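Subject: Structure handover

Hello,

Here is the structure I promised to pass on. Please open it alongside this message, since the notes refer to it throughout.

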Amino acid sequence: MSASRKVFVLTGAGISAESGLGTFRDKGGQGIWARFDPMKLATPEAFARDPESVLAFYDLRRRNLLSARPNVAHFALARLESALAERGGSLTLVTQNIDDLHERAGSASVVHMHGELLKARCGRCEAVRPWLDDLSPSDLCSDCGRAGGLRPHVVWFGEMPLAMDLIDRALRKAELFVAIGTSGAVYPAAGFVAEARAYGLRTCEINLEAADNADLFDEQRLGPASATVPAWVEELVGG
Ligand code: BJW
């Protein structure tokens, strides 16, 4: 694995767990979706039916995010990006997370396939703008001037994830696929490991507990991301 120079990393909520942001499907029953119903808060139908509740859910999470900090696992991936570039290699970092902790740790290129919480999108004109405050149905879009369309720039169930073409091209070119802190429960991201195998990549899972699709990985490293990710990066590019 240490000879791999073109690396594709997929991250999930587990990498941000030690930064204090909750995961969705915690096995102890404390995950976000055990406390909040995703069908009432994370679908376009829910937003159409009850925009106030949906926006309040994301306001709470945006406030949590603004007080969170990246942890050593985020910093290790930023180091991996520059170390691979120095050796003529590359890192494609695709995250399912809507937080900006990879960027704040120094990762220069991050693909947010499920969107970004610190941006708002207008459902009427599709403009996407940075947004750090609470959102209200009466907020006006600064591009089209209309109210009622602004929503968090995130991908809800039933919506098409972002950058799927770019992701597929990067997977085809990579040598090593590594999934970090993701349960393998949500598609299409959960299907990337099967695609990676079909393209001939080696595959590695780094997780606290085995993912739903764990049998598709060549290698598994279990433990908290704060320990496993820096150790893996050191093995790959250290020394
Ligand atoms: C640690 C740790 C520590 C903890 N250190 N690790 C049947 C079959 C196939 C598909 C479907 C199906 N029925 C419905 C679908 C489609 C649906 C889907 O997959 N549903 C499943 C529930 C079955 N998917 C969609 O609707 C997607 N769109 C779509 O499919 O469009 C059509 C299409 C098809 C093909 C190609 C292209 C398009 C959209 C999905 C949108 C997901 N949105 C959310 C919310 C985003 C906004 C928000 O944050 O509120 O995204 S849901 C939520 O789950 C969020 C996450 O990104 C996503 C994945 O969660 P993740 O990251 O894996 O977190 P957890 O909590 O599940 O796991 C945490 C992991 O960390 C665990 O493994 C822990 O062990 C570990 N961990 N602490 C290391 N300290």
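The notes below go through the ligand site, two helices, some backbone details and a few single residues.

Please keep in mind that this is a predicted model.

Ligand site

The shell around the ligand has 35 residues, and those that come nearest are Phe 24, Arg 25, Tyr 58, Arg 61 and Ser 183. By class, 19 residues of the shell are nonpolar, 11 are polar and five are charged. Helix H1 (14–17) supplies at least two residues of this shell, and so does helix H5 (51–66).

Three polar pairs may be useful if you set up the ligand. Ser 183 places a polar side-chain atom 2.5 Å from an oxygen atom of the ligand. At Phe 24 the partner is a polar backbone atom, which lies 2.6 Å from a ligand oxygen. Glu 18 has a polar side-chain atom 3.0 Å from a nitrogen atom of the ligand. On its own the ligand has 1500 Å² of accessible area, of which the protein covers 76%.

Helix H5

H5 has 16 residues, and the distance from its first C-alpha to its last is 22 Å, close to the 22 Å expected at 1.5 Å a residue. Its buried residues are Val 54, Leu 55, Phe 57, Tyr 58, Asp 59, Arg 61, Arg 62 and Leu 65. Tyr 58 and Arg 61 thus appear both in this buried set and among the residues that come nearest to the ligand. The buried residues of H5 pack against four helices and two strands: helix H2 (32–35), helix H3 (38–41), helix H4 (44–49), helix H7 (101–105), strand E4 (115–122) and strand E6 (150–154).

Helix H6

Helix H6 covers residues 72–86, and its 15 residues should span 21 Å at 1.5 Å a residue; the end C-alpha atoms are 21 Å apart, so the two values agree. Buried in H6 are Ala 73, His 74, Ala 76, Leu 77, Ala 78, Leu 80, Glu 81, Ala 83 and Leu 84. Their cover includes strand E1 (6–11), H1, strand E2 (90–95), H7, E7 and helix H10 (225–237). H7 is also one of the elements that the buried residues of H5 pack against.

Both ends of H6 have a local feature. At the start, a side-chain oxygen of Asn 71 comes within 2.8 Å of the backbone nitrogen of Ala 73. Just after the helix, Gly 88 has a positive phi of about 80 degrees.

Backbone details

The peptide bond between Tyr 187 and Pro 188 is cis, with omega about 5 degrees. Pro 188 sits in the loop between strand E7 (176–180) and helix H9 (192–198).

Two residues other than glycine have a positive phi. For Glu 126 the value is about 70 degrees. Glu 126 belongs to the loop between E4 and strand E5 (128–130), and its relative accessible area of 48% makes it partly exposed. For Ala 163 phi is near 60 degrees. Ala 163 is in the loop between E6 and helix H8 (164–173) and is partly exposed as well, at a relative accessible area of 33%.

Single residues

Is Thr 43, in the loop between H3 and H4, buried or exposed? Thr 43 has 5% relative accessibility and the cut-off for buried is under 20%, so Thr 43 counts as buried. Setting aside residues up to four places away in sequence, Thr 43 touches Pro 38, Trp 156 and Phe 157.

Gly 158 lies in the loop between E6 and H8. Its relative accessibility is 84% and exposed begins over 50%, so Gly 158 counts as exposed. From Gly 158 to Ser 82 the C-alpha distance is 35 Å, with their positions 76 residues apart in sequence.

Val 128 is part of strand E5 and is partly exposed, with a relative accessible area of 34%. Apart from neighbours within four places in sequence, Val 128 is in contact with Lys 119, Ala 120, Arg 121 and His 153. Val 128 and Pro 152 are 24 residues apart in sequence, and their C-alpha atoms are 9.3 Å apart in space.

Regards

How values were computed
Residues are numbered from 1 along each chain as its sequence is written. Side-chain values use heavy atoms; hydrogens and water are left out. A residue is near a molecule or strand if one of its heavy atoms lies within 4 Å of it. A polar contact is a pair of N or O atoms within 3.5 Å; within protein, one must be able to donate a hydrogen and the other to accept it, and residues adjacent in sequence count only if both atoms are side-chain atoms. Accessible areas come from the Shrake-Rupley method with a 1.4 Å probe; for residues, only the protein chains shown count as cover. Ala, Val, Leu, Ile, Met, Phe, Trp, Tyr, Cys and Pro count as nonpolar, Asp, Glu, Lys and Arg as charged, and the others, Gly among them, as polar. The expected span of a helix is 1.5 Å times one less than its number of residues. Buried means under 20% relative accessible area, exposed over 50%, partly exposed in between (1.4 Å probe, protein chains only). Contact means heavy atoms within 4.5 Å.
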